[in-house]
Amino acid sequence: MKIASIDTYPIAVPLHKPFKTALRTVTVAQSIYVKVTCDNGITGWGEAPPTHVITGESLVSIEHTIRTILAPVLLGESVLNRDTLFGALHASCVGNTSAKAAVDIAIHDCLARFCRLPLYQFLGGAKRMLETDYTVSVNEPEEMADDAERYIKDGFRTLKVKVGKDSIDKDIERIRAIRSRIGDDAAIRLDANQGWSAKDAIRAIRRMEELKLPIELVEQPVKAGDIEGLKQVTDATHTIVMADESVFSPADAKRVLETRSADMINIKLMKSGGIHQACKINALAESCGIPCMVGSMIETKLGITAAAHFAAGLNNVTKVDFDAPLMLTGDPIVGGVVYNRAVMTMPDEPGLGIDEVQFQEHVLS
Ligand code: MG
């Protein structure tokens, strides 16, 4: 079962409403789709969106890396020797984690199709249903309260609120506005996307604890490289602190786990370079008693379906953040994970469970 061809396709889908974090604003979801074809006719699909401010990759760099660096290493190799294959994939270049992830996902799709298993069962089969949060973009407090109210009415029980764009006083005002609008039933998790200093984060989180504004967890309060600052925040507050941009690789995870710098890790396939490396991060975390969340970039249902299979496959993944496809005005994918408001059900078909990819309306010109 050797890899016969690797093809790439740029796609674009507009968002309903701009997605705004402390790092960036996105109005159109762009991605490179990857199709891996094996010599026995089995095909698999993968996806990589460009997230310059997090992985350093662009649409052009992703496609170029796949075509000129990754494909030459993989063509003609058997997907059944996957540990060797993924070793070669990751040794072929440093970084470029989203490009690697797209190819890793497509190969996993092929492998699980060959085994006639849905990918989540191929990976461990821990659960078949997931419940996602919905993201409230960082805006003025009243606009954020309006958005939060709408998402709760739409059936979401957990909101992920983006903060860290300006002052912490404004962030506290944002959380107060949202809480007073939606009441205490829904869970609120915060994501500062590296926007606070350690001192700011400690002050903001303690203030919210004093004000009895319940916060489920705080994601990546400080800069990605500031592991000491991350640990200071974790040690100085009662609220759960989660590492996101600080952890790309298993080596990054090891450093955070050894120093107990966070209470949870947010794994994203686009940071780890795909499912093979993500499994290693999850295993390291589980061995230290640290649960994981699985999140995504602004991806279509193809990338999210892959991340959902990974999350559903493993017991140590206890939370997910998979709202990205719900923000899109369309989707090139037929099949994949099925949404019923916040609840996601894994497909029973082999592999990712993607039935068809419809390019006509979504190809970049
Ligand atoms: Mg995050």
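Where is D244 found? In this predicted model, D244 sits in the loop between β9 and α10. That loop is a good place to start a tour, since it leads straight to the metal site.

**The magnesium site**

D244 has a relative accessibility of 0%, and it counts as buried because the cut-off for that class is under 20%. Leaving aside residues up to four places away in sequence, D244 touches E219, Q220, N266, K268 and K271. The magnesium ion is coordinated by three residues: D191 and D244 through OD atoms, and E219 through OE, at 2.1 to 2.3 Å. Along the chain, these donors follow the spacing D-x27-E-x24-D. D191 belongs to strand β7 (residues 187–191), while D244 lies in the loop between β9 (240–243) and α10 (250–258), so the pair ties together parts that are 53 residues apart in sequence. Like D244, D191 is buried. The strand that carries D191 is mostly covered too, with 4 of the 5 residues of β7 buried.

**The sheet of 8 strands**

Strand β7 takes us to an open sheet of 8 strands, paired in parallel in the order β5-β6-β7-β8-β9-β10-β11-β12. Its edges are β5 (134–136) and β12 (317–320); each has a single partner strand, so one side of each is left without a neighbour in the sheet. From one strand to the next, the twist averages 30°.

Which strands does β7 join by bridges? On one hand, 5 bridges join β6 to β7, and the two run parallel. Within that pair, T158 has A187 of β7 as its bridge partner. On the other hand, β7 is joined to strand β8 (residues 217–219) by 3 bridges, again running parallel. Here R189 stands opposite L217 in β8.

Helices pack on this sheet as well. Helix α6 (residues 141–153) touches β5 and β6 (158–162), and its direction makes about 165° with that of β5. Helix α12 (residues 275–287) lies across β10, β11 (292–294) and β12, running at about 170° to β10.

**The sheet of 3 strands**

There is also an open sheet of 3 strands, in the order β4-β15-β14, with antiparallel pairing. The edges are β4 (129–131) and β14 (338–340), each with a single partner strand, so one side of each is left without a neighbour in the sheet. The twist here averages 25° from one strand to the next. Strand β4 pairs with β15 (residues 343–345) in the antiparallel sense over 3 bridges, and the partner of E131 in β15 is V343. Helix α13 (residues 301–313) packs on this sheet and touches β4, β14 and β15, with its direction at about 110° to that of β4.

**Two residues with positive phi**

Next come two arginines that you may like to find in the structure. Most residues other than glycine have a negative phi. R116 has a positive phi although it is not a glycine, and R260 likewise has a positive phi without being a glycine. The table sets out their details.

| Residue | Phi | Loop | Relative accessibility |
|---|---|---|---|
| R116 | about 55° | between α4 (97–114) and α5 (119–123) | 69%, exposed |
| R260 | about 50° | between α10 and β10 (264–267) | 44%, partly exposed |

R116 counts as exposed because its 69% relative accessibility is over the 50% cut-off. R260, at 44%, is partly exposed.

**Two domains and their contact**

How is the chain divided into domains? The domain assignment gives domain 1 (3–116) and domain 2 (121–362). Taken over C-alpha atoms, the centres of domain 1 and domain 2 are separated by 21 Å. Across the boundary, 44 residues of domain 1 are in contact with 50 residues of domain 2. About 4,000 Å² of area is buried between the two domains, and carbon and sulfur atoms give 68% of that.

To return to the starting point, D244 shares the magnesium ion with D191 and E219, and D244 and D191 are both buried.

Technical notes
Residues numbered from 1 in each chain as written. Predicted model: local features only at pLDDT ≥ 70, side-chain atom pairs only at ≥ 80, totals over all residues. Heavy atoms only, no water. Donors = N, O, S within 2.8 Å, 3.2 Å for Na, K, Ca; no water. Buried < 20%, exposed > 50% of the residue type's maximum accessible area, 1.4 Å probe, protein only. Pairing = 2+ DSSP bridges. Axes fitted to C-alpha atoms, helices over the stretch in contact; angles between N-to-C directions. Contact = heavy atoms within 4.5 Å. Domains from an automatic or database assignment. Buried area = accessible area lost by both parts, 1.4 Å probe.
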